[in-house]
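Reader: I have the sequence and the coordinates open. Let us go through some local features, one at a time.

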Amino acid sequence: MALLQIAEPGQSAAPHEHKLAIGIDLGTTNSLVATVQSGQPKTLVDKEGQTILPSAVCYEENNIVVGHSAKSNAPLDAANTLISVKRFLGKGLSDVAHLDLPYQFVEQQGQLAITTRQGPINPIQASSEILSTLKQRAIDSFGGEEITGAVITVPAYFDDAQRQGTKDAAELAGLNVLRLLNEPTAAAVAYGLDSGQEGVIAVYDLGGGTFDISILRLNKGVFEVLATGGDSALGGDDFDALLVEHFKQQTSITSPDADTLRLFMEKARACKEALTSYKTVNVGLDLGEQQFTIEVSKEFFEQAAESLVKKTLRACRRALKDAEIDKDQVIEVVMVGGSTRMPIVREKVGEFFAKEPLTSIDPDQVVAIGAAIQADILVGNKPDSEMLLLDVLPLSLGLETMGGLVEKIIPRNTTIPVARAQEFTTFKDGQTAMSLHVVQGERELVDDSRSLAKFSLKGIPAMAAGAAHIRVTFKVDADGLLSVTAMEKSTGVQAEIQVKPSFGLSDDQVAQMLKSSMVNAKEDMQARMLKEQQVEALRVIEALNASLEQSGHLLLSEERAEIDSEINKLAVLRETATAPEQLKSALEAIDKASSEFASRRMDESIKQALQGQSVDEV
Amino acid sequence: MKYFELFSYPISFDIDLNAINARYLELQKVVHPDKFAHESSQQQLLAVQKTAELNDAFETLKHPLKRAEYMLSEQGIELKSEQQTLQDPMFLMQQMELREALEEITASDDPDAAIDDFDASIKLLRNDFFDQLKPILLSTEKAQLEAAADIVRKLKFVYKLQQELERVEDALFDD
């Protein structure tokens, strides 16, 4: 007797098919991981029950330590403890040379790296250690089950090199990246602002050391980043510093030693946190010989803090101006970052926008939660979800032209993915090569823009000036990542070059780093690659079977038979393959056999999407 | 014309932007790479290409100048990277006068009013050109299409003036 399967609407009848997807907030100061379980988004904790993982990586003699102990140990081993490494992603040596930091920066294969006792470590590797730790935390809390995919958040203003660096770090950590998501968009998603509403949203993000303000426009499920601004050197730490200053005055210890200063800082932080719920706080400072009790009132603290808050509001005003938006057009204000717990911050931000800011979700967790919600949808756990986040290019992309000027190929705020081509010509008789310099930014001069890549197109047949036509194509994918190709087309001679951003990693470099990290982890590279291919094979088989069930009618019976046979082959090989290459070629074969089916399906769904409309509305 | 086809919309210069917008979102829901995030990389690549094409089509159709240019190019008249110069002394004279007026805005007694006036005269000019364009944009006669191309060239000048007006405005009111 067959049993009927009963399922709630929107839930799968087969719960074991629920795929594990995670959202990661890879922050400058702290990082978090979240997931959606039984329809509820929640952050995951480590073995000690902690949600927050400080973004600190310490390279010890034979060990890599990530998180709380790395952070607390940092003062004792500053040169080998990489803190806030996100600041260095996608940057070159010249960008960081002027910073006063305890690190020894070097350049390694064109990459910025920091010398540690384990050798030079680049920001991508250090970020991947943080991501690996969070990935492991998720696997542990899922009872050892593999993760299907991850959404990782990035600041809205991140350029191509920084996004590429983030993605490389995730891949190095063995994560299947479903999407890079803008942090403010993630926060808005966590509050469910994607459904129903239309209008402008402000996301106010005050973290430990940075402040970001983003102005987003929401239009029928489309999120558009209108403007971003902020202060990369303003955060909760500055509020603590106000209290440290007060302690110094009250104790008459104007130049405390390192231990005393650390005590002051800890107490300042605790005092600031206590003042969110108490009118006055008594701070006990035990300095051995001397003991102090200092009374701090909420009023005193808020008076001192007001100028810092005002500074953030000035940045808000600028961002609104850039977005060409009036304050009263803002329909919601989302609060992100631990420092927005301070009542004075909420109050002043509320006054500024004349609107009660959204604070019901923990401001430390809100970005990770939004990322988890999107990951859950992307992985296919909510097939009925209507949510669609259409993102825009944060900064214009262009090419250097004569005289150091930038010719914009794709302007900022263009909806992605996008492909644009532009034609250029040779300017000298007999010119056989052309060099191309890809830049990003809003400025008109190359020197003021971020350089992404330089490459040259060689082998152009010698012709009169202006006779050769070089077509340069910029492609930006849904993550905002760029690839550039160039070809000479007038004579039919083609030369094509794929560009990797200067600060991204080549596939070889990724493989090399993977290999060296495997030596440490005693994990087998072949085994890992095989596992990845098995996961990919399963994904392909499941997806193909699902689409065959739905759209099998688009195939002739012999076409269907061919695809079925490839699926069977792949399914068998998935169980029996001993080397990743075997699966790789089976995957290629199935891609080939099903490519026609894939495009027919796409055309069919386009037709269906507009069915009925053309007749009724026009 | 494949952009109109993609939106299942009749080929015409006059379009209902709300309808195009609604169709764009419907199409995004079926082609966007996010809808294929759990499928094979081949399917994802196809989705990226389709969505890029859709975004391009939408960008082209919603903007009147780009729309006109596209419709001409589909009929064999390519204006995108042409070197041809305008041969209409009357029009060029008018453009020079407008440019002078633009430069005088900054020094005027009431820049706000001057900007409004200038903006209004550009809009008038623009609408006039669009009215001339509509009846001939889909003509079967080559000469008519060439005339349409000339109007589009003039419209490009007008749009450039619009951009420069914005720049003047920014410079005037920036802090």
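Reader: Which residue stands opposite A:Ile114 in β10(A)?
Author: This is a predicted model. Strand β9 (residues 111–116) of chain A holds A:Ile114 and runs antiparallel to β10(A), with three bridges joining the two. Across from A:Ile114, in β10(A), stands A:Ile121.

Reader: What is the strand order of the open sheet that holds β8, β9 and β10 of chain A?
Author: The sheet is open, with three strands and antiparallel pairing. Its edge strands are β8 (105–108) and β10 (119–121) of chain A, each pairing on one side only. Neighbouring strands are turned by 50° against each other on average, direction ignored. With those two strands at the edges, the order in chain A is β8-β9-β10.

Reader: At what angle to β10(A) does helix α3 of chain A run?
Author: Helix α3 covers residues 123–141 of chain A. This helix lies across β9 and β10 of chain A. Its angle to β10(A) is about 75°.

Reader: Which strands stand at the edges of the open sheet formed by β21, β24 and β25 of chain A?
Author: The three strands have the order β21-β24-β25 in chain A, with antiparallel pairing. Each edge strand has a single partner strand, so one side of each is left without a neighbour in the sheet. Neighbouring strands here are turned by 20° against each other on average, direction ignored. The edge strands are β21 (418–425) and β25 (482–488) of chain A.

Reader: Which residue of β25(A) stands opposite A:Arg471?
Author: Strand β24 (residues 469–476) of chain A pairs with β25(A) in the antiparallel sense, over seven bridges. Opposite A:Arg471, in β25(A), is A:Met487.

Reader: Which residue in the turn between β19(A) and β20(A) has a positive phi?
Author: Strand β19 (residues 397–401) and strand β20 (residues 405–410) of chain A run antiparallel, joined by five bridges. The bridge partner of A:Thr401 is A:Leu405 in β20(A). Three residues lie between the strands of this hairpin. The one with a positive phi, of about 80°, is A:Gly403.

Reader: How many residues of each class make the contact of α6(A) with α7(A)?
Author: Helix α6 (residues 236–251) and helix α7 (residues 258–274) of chain A pack at about 115°, with axes 8 Å apart. The crossing is right-handed. Among the α6(A) residues that meet α7(A) are A:Phe239, A:Leu243 and A:Phe247, and the α7(A) side includes A:Leu261, A:Phe264 and A:Cys271. By class the contact has nine nonpolar, two polar and five charged residues.

Reader: Is A:Cys271 buried or exposed?
Author: A:Cys271 is one of the α7(A) residues that meet α6(A). Its relative accessible area is 2%. Buried means under 20%, so A:Cys271 is buried.

Reader: What about A:Cys58, buried or exposed?
Author: The cut-off for buried is under 20% relative accessible area. A:Cys58 has 1% relative accessibility, and therefore counts as buried.

Reader: How many disulfides are there over all chains?
Author: A disulfide needs a pair of cysteine sulfur atoms within 2.5 Å. By this rule, the count over all chains is zero.

Reader: How many residues of α5(A) are buried?
Author: Helix α5 (residues 183–190) of chain A is mostly covered. The buried residues include A:Glu183, A:Thr185 and A:Val189. A:Gly192 follows the helix, with a positive phi near 70°. The buried count in α5(A) is eight of eight.

Reader: Is B:Gln42 buried or exposed?
Author: B:Gln42 sits in helix α3 (residues 41–62) of chain B. Its contacts, leaving aside neighbours within four places in sequence, are A:Asp591, A:Lys592, A:Ser594, A:Ser595 and A:Ala598. The relative accessible area of B:Gln42 is 19%. Buried means under 20%, so B:Gln42 is buried.

Reader: What separates the C-alpha atoms of B:Leu138 and B:Leu72?
Author: B:Leu138 lies in the loop between α6 (111–133) and α7 (142–173) of chain B. At 39% relative accessibility, B:Leu138 counts as partly exposed. Not counting residues up to four places away in sequence, B:Leu138 touches B:Met1, B:Ile11, B:Ser12, B:Met71 and B:Gln75. B:Leu72 is 66 residues away along the chain, and the C-alpha separation is 8.2 Å.

Notes:
Residues numbered from 1 in each chain as written. Chains lettered and ligands numbered in written order. Predicted model: local features only at pLDDT ≥ 70, side-chain atom pairs only at ≥ 80, totals over all residues. Heavy atoms only, no water. Buried < 20%, exposed > 50% of the residue type's maximum accessible area, 1.4 Å probe, protein only. Pairing = 2+ DSSP bridges. Helix = DSSP H or I, 4+ residues; strand = E, 2+ residues; numbered from the N terminus. Axes fitted to C-alpha atoms, helices over the stretch in contact; angles between N-to-C directions. Contact = heavy atoms within 4.5 Å. Left-handed = near helix turned anticlockwise from the far one by under 90°. Nonpolar A, V, L, I, M, F, W, Y, C, P; charged D, E, K, R; others polar.
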